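Please read the following note alongside the sequence and the structure. The points are numbered so that each may be checked in turn.

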Amino acid sequence: MTHLASPAIVLRRRDYGDFDLILTVLTRDYGIYTLIAKAAKKSTKRFPGILEPFATLRIVCRQGRGKGMQVLEEATLENSFGSSRSDILKLAYASYWCELIALWLHEGQARPDVYELLAYVLNALNQDGTPVKLLSLLFQMRFVGQEGLRPVLERCSCCQIEIEKLAQQQFCIDLRQGGIVCHQCPAPDATQLRLGKGTLKQLLWMSQGDLSMARRVRFSPAALTEATHFLEAFVPYHIGRAPKSLLFLHQIRGQMEH
Ligand SMILES: [Zn+2]
């Protein structure tokens, strides 16, 4: 493709030499792309402070010489991620979501559904109201659902018995099986992850239907914590990569909670 024009979210930004920036963006129409923004560090006239991580832009690029990367020609700001930029916890969550996408999707694979999901949670993060932990559950459940990796939560992932037919209220997780296991099935090794029946139902409810309805699910603090631990283990396990930003998120959250 010689020219590329699309709304795009900046997933990652790094310096290139003294003058240029390299951006990894998720475009709505063409998937992930790596772009070079020439002289963006030297002159702020062309892209005045807008090439920042998590910003939503409308971009126009052209193919670089030979097989070089796309060169950013124009960028206009649609959503700056504004007030969230000074909130380190929000930055940590946004970094985690963006890294998951960058690790999982191949370059140039058009995924408007992933774009819409990320745009939605970044926008919601920017508005006050929905707790960031809840948004992260929403993002992770929808993301794995879209990728065909949704956890098995409505039945035992081993013997397939439905949770409604079981009296037990707490369920172990078997990451390898891809979901919960009942008390009758062999206990999974290593993992200490547990989910209560109520939390399972809330996660299932959150995984479908309208996003603005799904983000209104109310979790108790204990349910929020166990669901968070579960998904932050489940998602990296099933995409087969360990996001560096998750370590940072754990550090920041640890400092804030203690
Ligand atoms: Zn079972």
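Which domains does the domain assignment of the chain give? The points below begin with that matter.

1. The model under review is predicted. Its domain assignment divides the chain into domain 1, covering residues 3–80, and domain 2, covering residues 86–257. The centres of these two domains, taken over C-alpha atoms, are separated by 30 Å.

2. Domain 1 and domain 2 are in contact, with 15 residues taken from domain 1 and 17 residues from domain 2. On the side of domain 1 that touches domain 2, at least two residues each are supplied by strand S1 (3–16), strand S2 (20–27) and strand S3 (31–37). The greatest contribution to that side comes from S3, which gives four residues. By class, the residues on this side of domain 1 are seven nonpolar, five polar and three charged.

3. Attention may now turn to a pair of helices. Helix H2 (residues 112–126) and helix H3 (residues 132–146) have axes that come within 10 Å of each other and cross at roughly 175°. An angle over 145 degrees counts as roughly antiparallel, and H2 is therefore roughly antiparallel to H3.

4. Which residues of H2 meet H3? From H2 they are Asp113, Val114, Leu117, Val121, Ala124 and Leu125. Their counterparts in H3 are Val132, Leu135, Leu138, Phe139, Arg142, Phe143 and Gln146. The contact of H2 with H3 comprises ten nonpolar residues, one polar residue and two charged residues.

5. Three strands form an open sheet in the order S7-S6-S8, and their pairing is antiparallel. Why is one side of S7 and of S8 left without a neighbour in the sheet? Strand S7 (179–181) and strand S8 (194–196) stand at the edges and have a single partner strand each, so one side of each has no neighbouring strand in the sheet. From one strand to the next, the twist averages 45°.

6. The pairing of S7 with strand S6 (residues 170–174) can be described in further detail. These two strands pair in the antiparallel sense over three bridges. Aspartate 174 stands opposite glycine 179, which belongs to S7. In general, the strands of a sheet pair through backbone hydrogen bonds.

7. Two helices lie across strands of this sheet. Helix H4 (residues 197–206) lies across S6, S7 and S8, and runs at about 85° to S8. Helix H6 (residues 221–239) lies across S6 and S8, and its angle to S8 is about 140°.

Technical notes. Residues are numbered from 1 along each chain as its sequence is written. This is a predicted model: local features need pLDDT of at least 70, side-chain atom pairs count only at pLDDT 80 or more; totals for chains, interfaces and linings use all residues. Two strands pair if DSSP finds at least two bridges between them. Axes are lines fitted to C-alpha atoms, for helices over the stretch in contact, and angles run from 0 to 180 degrees between N-to-C directions. Two residues are in contact if their C-beta atoms, placed from the backbone, lie within 7 Å. Angles under 35 degrees count as roughly parallel, over 145 as roughly antiparallel, 65 to 115 as roughly perpendicular and the rest as oblique. Ala, Val, Leu, Ile, Met, Phe, Trp, Tyr, Cys and Pro count as nonpolar, Asp, Glu, Lys and Arg as charged, and the others, Gly among them, as polar. Domain bounds come from an automatic or database domain assignment.
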